[in-house]
Amino acid sequence: MKLLSIETSCDETAVSILSCEGDQHEAHFRVLGNALLSQIDLHREYGGVFPMLAKREHAKNLVPVLAASLAEAGLSTEKSIELSSEDKLSEILSREPGLFDALRAFLSTHSVPDIDAISVTHGPGLEPALWVGVNFAKALSLAWEKPLIGVNHMEGHLLSALAEKNEDGFSITNVELPILGLLISGGHTELDGMKEWLSYELVGQTRDDAVGEAYDKVARMLGLPYPGGPEVSKLAEEVRTRALEQPFKLPRPMIRDPHCDFSFSGLKTAALYVIKARPELSDEDKQLLALEFEDAVAEVLFAKTSRALLETQAKTLVLGGGVSANTNIRRVFTKRIREGHPEVSLRIPEFMFTTDNAIMIGIAGYYRALQGMYVNPETLVADGNLSLS
Ligand code: KG4
Ligand code: ZN
């Protein structure tokens, strides 16, 4: 099937078109079209993502991104079309007036593309940003008479992390269930078990800050730009292989507690105390503090994941979300899974799937389509707190 997918949960406006084949055990994806506009430079000026600014940008960018993706896929034919459902479209997009005008102009000049369904992220994320994508998808579903699929953004991270690149696109093969997913991003830190495809149970989660949030806050304390994760990582890597004495000691919160939950706010505060106690941090001090922070994060993440592997008896461990791009976390997990859980197959996402995009939404959308999990466009809602389980 050909699936058009839309992602607007945070600061990327993205539309992909995938050709999908196979079943859950062996799925193949070819990318026919993939367009993305990032707002990151805009948000960087403010040191974080502002929901209303993100919403405005998505509304401005969605039609051009859709047009680019369809054109790349060769599915765009210019033709004058009589719009039959204009009133309904205007109702769906009543809260996004600029978007309505742009979409009406596009729809009335382009024929209906040869696609089978539309999937869209409907949570979790920034609710105003999610709504733009959801309303846009509903409008397309109505105008083109295509079925609609609602996708959980974290499910997109999890399933796309199983996909391996090949010369033709991506494939998901040889995955043994149960799966355990460690999902680590700017808004989430959670361990999810999956005994059957798309059926999740929450095994552990953060009780306060998400790990990406802790990275971003520590970066800000060190005077580094947003998003801070890659910056902190860069600093730490500069000194990791030098045998310098570590003057800083940060806590490993909850590491020995008999559960799979996390806490990162204490770690962040401990880093703040170190910085306050030494206002004149040298460049090397900053590198060493970043190193200690990274070590604490990776140790806690691994200890809790290891416990969850035993609890769930998972055969496959998947890392997903923005923080799974982190070099040290990838290294620690690769080494320690091999040593401590040699029976577990570790799946680390291709780098392109660690940042938000619409291909990952298409992959999850296809898995939902395989189970017939279509939604009623009248009732689909955006939910900033949508959970997997
Ligand atoms: O999944 P994502 O793109 O957006 C959310 O859904 O939150 O994750 C973004 C988060 C940010 O906190 C960013 O600092 C962090 O992922 N991040 C990293 C790295 N790359 C991105 N954290 C640590 N190391 C990295 N290399
Ligand atoms: Zn994400």
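Where does ligand 1 sit? In this predicted model, ligand 1 sits in the largest pocket, and the shell of residues around the ligand is described here before individual features of the chain are considered.

Of the 18 residues around ligand 1, those that come nearest are G186, D216, G229, G322 and N326. The shell divides into 5 nonpolar, 11 polar and 2 charged residues, and at least two of its residues are supplied by each of the helices α6 (153-160), α7 (211-221) and α8 (228-240). Particular atom pairs can be named at the ligand. A backbone N or O atom of G212 lies 3.2 Å from an oxygen atom of ligand 1, and a polar backbone atom of G229 is 3.0 Å from an oxygen atom of the ligand. The side chain of N326, by contrast, places an N or O atom 2.9 Å from a nitrogen atom of ligand 1. Taken alone, ligand 1 exposes 550 Å², of which the protein buries 84%.

Helix α6, which contributes at least two residues to the shell around ligand 1, is largely enclosed by the rest of the structure, because 8 of its 8 residues are buried. These buried residues are H153, M154, E155, G156, H157, L158, L159 and S160. The N-terminal end of α6 is capped by N152, a side-chain oxygen of which lies 2.7 Å from the backbone nitrogen of M154. Within the same helix, H157 has a relative accessible area of 2% and therefore counts as buried, the cut-off being under 20%. The side chain of H157 makes a polar contact, at 3.1 Å, with the side chain of D356.

Other positions in regular secondary structure are less covered than the buried class allows. A102, which lies in helix α4 (residues 97-107), is partly exposed because its relative accessible area of 30% falls between the limits of 20% and 50%. The C-alpha atom of A102 is separated by 16 Å from that of S141, a residue 39 positions away along the chain. K165, in strand β6 (residues 164-166), has a relative accessibility of 52% and so counts as exposed, the threshold being over 50%. Between K165 and E343, which are 178 residues apart in sequence, the C-alpha to C-alpha distance is 23 Å.

Backbone geometry in several loops also deserves description. A cis peptide bond, with omega about -15 degrees, joins G123 and P124, and P124 is placed in the loop between β4 (117-123) and α5 (127-144). The peptide bond from Y226 to P227 is likewise cis, with omega near -10 degrees; P227 is found in the loop between α7 and α8, two helices that each supply at least two residues of the shell around ligand 1.

Positive phi values occur at two residues that are not glycine, namely L198, at about 65 degrees, and Q313, near 55 degrees. L198 belongs to the loop between β9 (189-196) and β10 (199-205), whereas Q313 is located in the loop between α10 (283-312) and β11 (316-320). Is each of these residues buried or exposed? L198 is buried, with a relative accessible area of 8%, whereas Q313, at 56% relative accessibility, counts as exposed.

Definitions and conventions:
Residues numbered from 1 in each chain as written. Chains lettered and ligands numbered in written order. Predicted model: local features only at pLDDT ≥ 70, side-chain atom pairs only at ≥ 80, totals over all residues. Heavy atoms only, no water. Near = heavy atom within 4 Å. Polar contact = N/O pair within 3.5 Å; in protein donor to acceptor, adjacent residues only side chain to side chain. Areas by Shrake-Rupley, 256 points an atom, 1.4 Å probe, with all protein chains shown as cover. 1 Å grid on protein atoms, 1.4 Å probe; cavity = no way out; pocket = protein on both sides within 12 Å on 5 of 7 lines; lining within 4 Å. Sits in = over half its atoms within 2 Å of the grid points. Helix = DSSP H or I, 4+ residues; strand = E, 2+ residues; numbered from the N terminus. Nonpolar A, V, L, I, M, F, W, Y, C, P; charged D, E, K, R; others polar. Buried < 20%, exposed > 50% of the residue type's maximum accessible area, 1.4 Å probe, protein only.
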